[in-house]
Amino acid sequence: MNSLKILSLLALLTLAILSGCSPKPDIEIQDPWLRLMPEGVKSTAGFVTIKNNTNSPIVLEDVSLDWARHAMLHESKVVDGMAKMQHLDELVIEDKLIFQPGAKHIMIMGVKEPLVDGESYNIRLHFKDREPLEVAFKVRQAN
Ligand SMILES: [Cu+2]
């Protein structure tokens, strides 16, 4: 092995080590998805896990999108045996925030065009004192 090869190997190794140690993003997005609804249904819900990698709370204040009339933060609850949905003003994320079926979700109403299975649609997450984060949510069947 000549010295040039050794040098380039060393460079690659350094790069691998450096990238492995690069800091995590403040806000980590995991598995964003949208529930595929039957034809003709104009509302749906989005689900995602948002991880806070900082040492201080991050506040999710609102959600917005262009492909439906309205999006908001909701929570499903059973009150006196009845399933109800409640609007949430803002959500404080200490460690992580999980949106999932039957619990907190991004409520989407007035979908303009039918959503296509497997396609992605953007939703902006609005955090307090931060730039909005545009996230691609992928349509799939709820199981
Ligand atoms: Cu809802």
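## Copper site

Donors are N, O and S atoms within 2.8 Å of the metal. In this predicted model, the donors of the copper ion are spaced along the chain as H-x10-M-x19-H-x1-M. The pair His 74 and Met 85 links distant parts of the chain: His 74 lies in strand β4 and Met 85 in strand β5 (residues 82–87), 11 residues apart.

Coordination is provided by ND1 of His 74, SD of Met 85, NE2 of His 105 and SD of Met 107, at 2.0 to 2.3 Å. The angles among the four donor atoms run from 94 to 117°, and the site is tetrahedral. For four tetrahedral donors, the ideal angle at a metal is 109.5 degrees.

Two of the ligands can be described by their accessibility. His 74 counts as buried because its relative accessibility is 10%, under the 20% cut-off. Met 85, at 48% relative accessibility, counts as partly exposed.

## Nonpolar core

The largest nonpolar core contains 31 residues, of which Ile 50, Leu 60, Trp 67, Phe 99, Ile 106, Ile 108 and Ile 123 touch the most other members. Strands that each supply at least two residues of this core include β1 (27–35), β4 (68–79), β8 (104–111) and β10 (133–140).

Neighbours within four places in sequence aside, Ile 123 is in contact with residues including Leu 34, Val 63, Ser 64, Trp 67, Ile 106, Ile 108 and Phe 137.

## Ser 64

Ser 64 is found in strand β3 and is buried, with a relative accessible area of 19%. Beyond residues up to four places away in sequence, Ser 64 touches Ile 123, Arg 124 and His 126. The side chains of Ser 64 and His 126 make a polar contact at 2.7 Å.

Note on methods. Residues numbered from 1 in each chain as written. Predicted model: local features only at pLDDT ≥ 70, side-chain atom pairs only at ≥ 80, totals over all residues. Heavy atoms only, no water. Core = buried A, V, L, I, M, F, W, Y, C linked by side-chain atoms within 4.5 Å. Buried < 20%, exposed > 50% of the residue type's maximum accessible area, 1.4 Å probe, protein only. Helix = DSSP H or I, 4+ residues; strand = E, 2+ residues; numbered from the N terminus. Contact = heavy atoms within 4.5 Å. Donors = N, O, S within 2.8 Å, 3.2 Å for Na, K, Ca; no water. Tetrahedral: all angles 85-135°; square planar, octahedral: opposite > 155°, others 65-115°. Polar contact = N/O pair within 3.5 Å; in protein donor to acceptor, adjacent residues only side chain to side chain.
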